[in-house]
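Open the model in your viewer and keep the selection tool at hand. The stops below go one after another.

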Amino acid sequence: MSDADAETGDADSALVEVVRAVGHENVTAEHASTVELTTDDWLTPAGDCIVGVEADRTPRDFAPEFREACRDAAATIEATFVVDDGDETHRETIVGRGDPGLALVDDRSMVGRTSDYTDDERTIFVDGDGAAADLDRDLVAALADGANLTLRLEVIPAE
């Protein structure tokens with residue numbers, strides 16, 4: 001069992017992926033239609049959808065079962081952002097859905113979208129009920145101060 005599994009309680013779930021990243025002084029989370037994490041160790045002020053840098057995993061690292069489950073348009077995908085600033089833990093979930101067009105093979109970044117756009121390798125969910133601009137401002141402030149970020153992605157198959 002990995003540390004990520006121990007923290008989430010999903011020891012053997014192929015439908016859960018956990019990504020660790022950190023905030024950055026240029027995190028503003030002002031983008032209204034996307035939210036992104038990147039493996040890059042830098043962020044310019046123009047990256048207003050990026051909430052975490054130095055991500056330890058990318059869609060290419062996700063289990064094949066997870067990627068396949070994400071390609072079901074009826075599947076729900078929950079993206080839970082957990083930010084620990086040392087004094088307080090902030091938690092927020094954005095809920096989207098899967099899509100047959102999700103490639104999930106990018107090796108640099110991952111993007112959740114409020115639209116149904118899938119024409120790239122890094123989209124992790126579509127039709128999200130929120131984006132970077134919708135995240136709690138205390139959570140965003142903690143990320144701008146460089147707090148640790150854990151993104152827990154869970155696919156809930158259609159019944």
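The tour visits the cysteines, then a charged patch.

This is a predicted model: local features need pLDDT of at least 70, side-chain atom pairs count only at pLDDT 80 or more, and totals for chains, interfaces and linings use all residues. Residues are numbered from 1 along each chain as its sequence is written, and side-chain values use heavy atoms, without hydrogens and water.

**Stop one: cysteines.** Select Cys 49. How many disulfides does the structure hold? Zero, where a disulfide is a pair of cysteine sulfur atoms within 2.5 Å. From Cys 49, the nearest cysteine sulfur is that of Cys 70, 19 Å away. Cys 49 is buried, at 11% relative accessible area. Buried means under 20%, exposed over 50%, partly exposed in between (1.4 Å probe, protein chains only). Now select Cys 70. Cys 70 is in no disulfide either, and its relative accessibility is 0%, which counts as buried.

**Stop two: the negative patch.** Select Asp 84, Asp 85, Asp 87, Glu 88, Asp 136, Asp 138 and Asp 145. They form a patch of negative charge on the surface. Patch residues have over 30% relative accessible area and no salt bridge (Lys or Arg side-chain nitrogen within 4 Å of an Asp or Glu carboxyl oxygen); like charges are joined within 9 Å, nonpolar side chains within 5 Å.

**Stop three: two patch members.** Asp 84 lies in strand S4 (strands are DSSP E runs of at least two residues). Asp 84 is partly exposed, at 40%. Glu 88 sits in the loop between strand S4 (76-84) and strand S5 (89-97). Glu 88 is partly exposed too, at 44%. Finish by adding Ala 142: 54 residues from Glu 88 in sequence, but 9.3 Å C-alpha to C-alpha.

Methods: Helices (H or I, at least four residues) and strands (E, at least two) are DSSP runs, numbered from the N terminus. Accessible areas come from the Shrake-Rupley method with a 1.4 Å probe; for residues, only the protein chains shown count as cover. Lys and Arg count as positive and Asp and Glu as negative; His and the chain ends are not counted. The place of a charge is taken as NZ of Lys, CZ of Arg, CG of Asp or CD of Glu.
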